[in-house]
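Visitor: Please take me slowly through one part of this model, beginning with a pair of strands, and then connect that part to what lies elsewhere.

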Amino acid sequence: MKRLETGGRIDREAPLSVSFDGTALSAFQGDTLSAAMLASGVTVVGRSFKYHRPRGVYAAGVEEPNALVHLRDGARHEPNVRATTTEVFDGLTCTSQNAWPNLRYDIGAVNNLFSRFLSAGFYYKTFIGPFRNSTRFWMMCETFIRKAAGMGRGTYLEDPDSYEKRHVHCDVLVIGGGAAGLTAALAAGRAGARVILVEQDSELGGAILSDPVGSDADNWRISVTKELGGMDNVQILTRTTAVGAYDSDTFVLIERVSDHLKAPENHQPRQRFWQVHAKRAVLASGAIERPLIFGGNDKPGVMLAHAARSYLNRYAVLVGDTIIVATNNDTAYQAAFDLGTAGANVTLLDARQSVDAALLAEAKGAGVTVKTGHGVLAAHGRGRVSAVEIAPIDAGGRATGPISRVPCDTLAISAGWTPSVHLWTQRHGKPGFDDASALFLAAPKETDALQTAGSVNAVETLEEVITQGFAQGAEAAKQAGADGAAGICPAAFAARDWPHDPDVIWGVFTRDGKTKGKAFVDLQHDVKVSDIDQAHQEGYVSVEHLKRYTTTGMATDQGKLSNMNALSRMAEQRGLRVPEVGTTTFRPPFIPTAIGALVGHEHGQHFRPTRLSPMHQWHVEHGAKLTQAGAWMRPWYYPQSGETLTAAYIREAAHAREHVGIIDVSTLGKIAVQGPDAAEFLNRIYVNGWKTLQVGRLRYGVMLREDGFVMDDGATARLGENDYFMTTTTANAAKVLGFAEHLLQTAWKDLRVHVTTVTDQWGTIAVAGPKARTLLSKVSDADLNREAVPNNHFVTATIADSPVRIHRMSYSGELAYEVYIPAGFATRVWERLIDAGTEFDLSPYGTEAMGALRIEKGHVAGPEIEGRTTLKDLGLEGFAASKKPFVGSVLRQRPVLDDPTRPTLVGLEIEGQVGAKAGSLLFPLQGETQGHGDGWVSSTTYSPALGKYIALGLLNNGKQRLGETIRVVNFVGNETLQAKVTSHHFFDPEGERQNG
Amino acid sequence: MIRIDCPICGLRTETEFTYGADATVTRPAMDETATQPWVDYVFNRDNPRGWHLEYWHHVQGCRQWLVLERNTLTHEVGSCRLAREVDHEAS
């Protein structure tokens, strides 16, 4: 292995500092990490997944199964990075994976000796029995086995980089910047279509980049790329991979904006996620070379023939001195010729019995020795290939004659090409099988927006690749509505053809059809030919089962190299043809994709929108501790110097009962219900009646779901003849609105009603406590005497020059009002109340104290209205009208919901000085505490009014159990309390205080 | 990742919408007192293979409920109409 003095697409003026396992590599700008490794004589890059076999660079692109490394250190550390697609940068550090203590002496390699115990189905067979309850034991073993058999290690540090998302539309998306993709983009661009051309490499050209610099192919590439670069309507995205094709012709691209740098620069994201809506797309994703199968085909020094050619022509790295090229097709000859011309001693073994005479003559001219009808039976060598066993073979790939041993240092292999139909199958399902080429190909319909062009269609000649790309690009543009002229297709350059061969030999075997030594189908997951055989012997016939049993194709490379060979072996074993065995389904993403790119900015505080009350800033400035309530941030409590949550909420709740408190309840859902049939609408959606509600009044209401369970509750005020103002709980605001809209737009189209959310238009302050009336009378111009504004009435008024509506209603159980204020004035009114409240000893309170107050009153909230409770369960059945139908009125009467033993709402007075935990289970005083118990605790608090801990709960047959002492068991905290079952109306059950 | 051609807002991406319900079932009339029609409406659903009618809600757009034709097998999307303009036999 050596770097040549001249040639390649590297910049010899720009040497870079790159290290692997602490050793410096020879690297230049333009190298990939794998090229730098090969140029520096690195033979072993990693140890294999299961058997810890030494592995080297196998490919030169995304299909690489072996050369996976830990890239970078610290928070940017990334595991399982393919060295073959990693562009080197100055300061690059990487280390080997899955080897301990180091690559050369890897203790895990002992697995190689025990391989017969680690074959297909190892987990399924091992982790059962032999003794009872052995699951726990095996789970412990698994920890060690997983450690030994594994991929790279991730980091637990937070990702320091940012990622962003873009949503774009285009006429034609061209996937792949090789010969077909370039001409497709050219034709579509000339026609005037808005084109996006995506190429995963850092440069356009595809396979042409593996042709020598200055060749006809390279000049062709430069000329086409230049024309494309001059088109304003063509956007070229390099370092960008189309990873997914979805419904409605939506494509996901991942652009690696900064991965070729040590760290992102100029505030750029690390990667960019593109969601592209394309009217038409041309898939020109090319094909991936397939390995030949034989014993020891995984040894360092074995690599794909065109990878060897790429390293030579693109990176000026000659991968060996004595090279054997083993193939079954014409295309590998080009690699052999180029390697021979570069100075290597090359022997080519062609599995076919006869080869075109012109090709043989050309080989002779290039100094390449060709042996037809020969194959490699096994590769040998410690650490690296040093010799191969070759033998004459028959048409089935079986050795027929004497085996000879030939020394070599590199084995370049090619068993043909597999079209990259991944994206097409993601979008349209299983590919079709083409008998002429014996390959799975896309089968697009004319109406499909996703077209295909070039080698992905297994096109045989370069001329056809180019003309097909051009024609498909022109067609895509036309279908997308661009009507310009595509002009003349660029002329092709000379290239080697890819003649189809339906009878390809995919592996070389002994006379009895076995491989000589371990022959790997799936290199990354260490799946051998013998594992496929074993699965067959054990009765696996479905290709999907075979895949999961052997794990072939399930590694990070998703079987890009292994799929066809595994299918071929299975077909052979079953005596079927490959299409009869079928193929598995490709799913996104095409390559491993950073979660960060999928997440974009939507993490941490940006995971979802945060909703803030119009008075939020005041709470923050006055030291409120905040809590999350759905998307809302709400004041939880307002601690006085050093106060804990418990001390604060008890103080705040007690204060509201003694003096006066205010709380920001702007988060309540608010819906304007307007129209001539508004009363009828309310009458249908609420369980109680609404036809008699007069203007100026409001009423509490409960609504059910269609299935008869309680959905929500709240008060609705009648502002005018046809104008109602509904409030919902904070949590259910969106659900209630969507439900109302559904009913009005589908089943109740005859009702002349419009519903609109006005949640954000109104700030709301609840004023509660014995001094509430005095305070509001001082700050407003309203007459709030109990005769003027009794409970469930409202008045309009002015506070601090702001128009407000004052609803008299109580959630706390105290004399209380809700003040509705246009949102922009809410803080001003709040501040006015605070200022004026000094003389009344006003204190703001948070959601924790609000909870304490409502539990004391026995009002239900989210923990009780949780989707499984009925009106009767919650003691609300008295609200249900009997003479009118309403949503849920029929299904709520199902006999099963009428069962008297159902859990019903009760109060619990906890004995002792410790409160119950919500979610604790309720059990009778005597007996076992097993199973689900007799019910559960839903809400819990300390009650300052009662001077004890109380809770709400749902208890089987609860109404009949008042006075009973039960156990409250918290299995999570392993704590048992005793409680007395009481009415849930703990405090002031007659409501004298709120009616005062 | 389907796209829906909302009659009010035009062709919009799926993330603006939420799926609502099966649009082939008809809500019983308000004065229906028998249990079975309500059980059928709330619980009983066919699970069709192929073209189907679904209610989708343009929650992040015009807030209209839509009746969308969607193929459960291929995810193809067909016509999209305003629910208020689609007639059901019963109501």
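**Strands, turns and a buried loop residue**

Guide: In chain A, strand β32 (residues 625-629) and strand β33 (residues 632-637) run antiparallel and are joined by five bridges, and please keep in mind throughout that this is a predicted model. One of the pairings can be picked out by residue, since A:Gln628 has A:Met633 in β33(A) as its bridge partner. The two strands, β32(A) and β33(A), form a hairpin with two residues between them, and A:Gly630 in the turn has a positive phi of about 60 degrees.

A second hairpin in chain A, made by β6(A) and β7(A), has six residues between its strands, and here it is A:Arg72 in the turn that has a positive phi, of about 65 degrees. β6(A) pairs with strand β7 (residues 78-82) in the antiparallel sense over three bridges, and within this pairing A:Leu71 is matched with A:Glu78 of β7(A). β6(A) also has strand β8 (residues 92-96) as an antiparallel partner, again over three bridges, with A:His70 facing A:Thr95 of β8(A) as its bridge partner. In a regular strand, side chains alternate between the two faces of the sheet. In β6(A) both faces are covered, for A:Leu68 and A:His70 on one side and A:Val69 and A:Leu71 on the other are all buried.

Just before this strand comes A:Asn66, which is found in the loop between β5 (54-55) and β6 (68-71) of chain A. A:Asn66 counts as buried because its relative accessibility is 8%, and buried means under 20%. Setting aside neighbours within four places in sequence, A:Asn66 is in contact with A:Arg55, A:Gly56, A:Tyr58, A:Asp298 and A:Leu523. By contrast, A:Asn791 lies 725 residues away from A:Asn66 along the chain, and their C-alpha atoms are separated by 77 Å.

Turning to the interior, the largest nonpolar core has 77 residues, of which A:Leu33, A:Met37, A:Tyr311 and A:Leu411 touch the most other members. This core draws at least three residues from each of domain 1 (1-156) and domain 3 (294-414) of chain A. A:Tyr311, leaving out residues up to four places away in sequence, touches several residues, including A:Val57, A:Ala59 and A:Ala60.

Finally, chain A meets chain B, with 27 residues of chain A in contact with 26 residues of chain B. The area buried between them is about 2,400 Å², of which carbon and sulfur atoms give 58%. Two salt bridges are counted between the chains, and in a salt bridge the side chains of B:Arg63 and A:Glu741 meet at 2.8 Å, N to O.

How values were computed: Residues numbered from 1 in each chain as written. Chains lettered and ligands numbered in written order. Predicted model: local features only at pLDDT ≥ 70, side-chain atom pairs only at ≥ 80, totals over all residues. Heavy atoms only, no water. Core = buried A, V, L, I, M, F, W, Y, C linked by side-chain atoms within 4.5 Å. Buried < 20%, exposed > 50% of the residue type's maximum accessible area, 1.4 Å probe, protein only. Domains from an automatic or database assignment. Contact = heavy atoms within 4.5 Å. Pairing = 2+ DSSP bridges. Helix = DSSP H or I, 4+ residues; strand = E, 2+ residues; numbered from the N terminus. Buried area = accessible area lost by both parts, 1.4 Å probe. Salt bridge = Lys/Arg side-chain N within 4 Å of Asp/Glu carboxyl O.
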